[in-house]
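Colleague: I'd like a close look at one part of this model, and I'm new to reading structures. Could you pick a spot where pieces pack together and walk me through it slowly?

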Amino acid sequence: MYVCVCKAITDKELRLAIEEGANTTQSLREKLGCINQCGMCEQQVCEIRDQVVNKNLETALPC
Ligand code: FES
């Protein structure tokens, strides 16, 4: 599914970029170019970033 229509960025591309370390809005903006034009994708980009970061935190924590 497209998250950023202006730059044709999908949720898969976004998740991959976050997994690779671009876990701030600014770094995602620089790496993918999302949120750089109309800005309509910002909320969804942030939600997906939070999902991925929180998932990684849960799996990184010891039992
Ligand atoms: S939808 Fe992402 S900048 Fe327009």
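**Where α1 packs, and the core beneath**

Modeller: Let's start with one helix pair: D11, L14, R15, I18 and E19 of α1 meet V45, I48, R49, V52 and V53 of α3. Sort the residues of this contact by class and you get six nonpolar, no polar and four charged. Keep in mind as we go that this is a predicted model.

How do the two helices sit against each other? The angle between α1 and α3 is about 50°, and their axes are 10 Å apart. That makes α1 oblique to α3, because an angle of this kind is not under 35 degrees and does not fall in the 65 to 115 range either. The crossing of α1 past α3 is right-handed.

Now swing round to the other partner of α1. With α2, the packing angle is about 115° and the axes are 11 Å apart. This crossing is right-handed too. On the α1 side, the contact uses E13, L14 and A17, while α2 brings L28, K31 and L32. The class count here is four nonpolar, no polar and two charged residues. Look at L14 in both lists: it takes part in the contact with α3 and also in the one with α2.

L32 is a handy residue to follow from here. Setting aside residues up to four places away in sequence, L32 touches K7, I9, E13, L14 and A17. So what larger group do L14 and L32 belong to? They are both members of the largest nonpolar core, which has 11 residues: V3, C4, I9, L14, I18, L28, L32, C34, I35, C41 and V45. Three elements each give this core at least two residues, namely β1 (2–4), α1 (11–19) and α2 (25–32). There's a general idea behind a group like this: in soluble globular proteins, nonpolar side chains tend to be buried together.

Let's zoom in on two cysteines from that core. C4 lies in strand β1, and C34 is in the loop between α2 and α3. Are they buried or exposed? C4 counts as buried because it has 25 C-beta neighbours inside 10 Å, and 20 or more is what it takes. C34 is buried as well, again with 25 C-beta neighbours inside 10 Å. Along the chain, C4 and C34 are 30 residues apart, yet their C-alpha atoms are separated by 6.0 Å.

Who else do they touch? Leaving out neighbours within four places in sequence, C4 is in contact with I9, C34 and C41. C34, counted the same way, is in contact with V3, C4, K7, I9, L28, R29, C41 and V45. Several of those are names from the core list, including V3, I9, L28 and V45. For a sense of scale, try C34 and R15: they are 19 residues apart along the chain, and their C-alpha atoms are separated by 13 Å.

Right beside C34 in the sequence is I35, also in the loop between α2 and α3. I35 has a positive phi of about 65°, although it isn't a glycine. Is it buried or exposed? I35 is buried, since 22 other C-beta atoms lie within 10 Å. Compare A8, which sits in the loop between β1 and β2 (9–10). A8 also has a positive phi, near 55°, without being glycine. But A8 is exposed, because 11 other C-beta atoms fall within 10 Å, and 12 or fewer puts a residue in that class.

Finally, two residues that fall in between. S27 lies in helix α2 and counts as partly exposed, with 15 C-beta neighbours inside 10 Å. E42 lies in helix α3 and is partly exposed too, with 15 other C-beta atoms within 10 Å. From E42 you can get back to our cysteine: E42 and C4 are 38 residues apart in sequence and 8.4 Å apart in space, C-alpha to C-alpha. S27 and Q43, in turn, are 16 residues apart in sequence and 15 Å apart in space, again C-alpha to C-alpha.

Terms used
Residues are numbered from 1 along each chain as its sequence is written. This is a predicted model: local features need pLDDT of at least 70, side-chain atom pairs count only at pLDDT 80 or more; totals for chains, interfaces and linings use all residues. A nonpolar core is a set of buried Ala, Val, Leu, Ile, Met, Phe, Trp, Tyr and Cys residues joined through C-beta atoms within 7 Å. Helices (H or I, at least four residues) and strands (E, at least two) are DSSP runs, numbered from the N terminus. Two residues are in contact if their C-beta atoms, placed from the backbone, lie within 7 Å. Axes are lines fitted to C-alpha atoms, for helices over the stretch in contact, and angles run from 0 to 180 degrees between N-to-C directions. A crossing is left-handed if the near helix is turned anticlockwise from the far one by less than a right angle, and right-handed if clockwise. Ala, Val, Leu, Ile, Met, Phe, Trp, Tyr, Cys and Pro count as nonpolar, Asp, Glu, Lys and Arg as charged, and the others, Gly among them, as polar. Angles under 35 degrees count as roughly parallel, over 145 as roughly antiparallel, 65 to 115 as roughly perpendicular and the rest as oblique.
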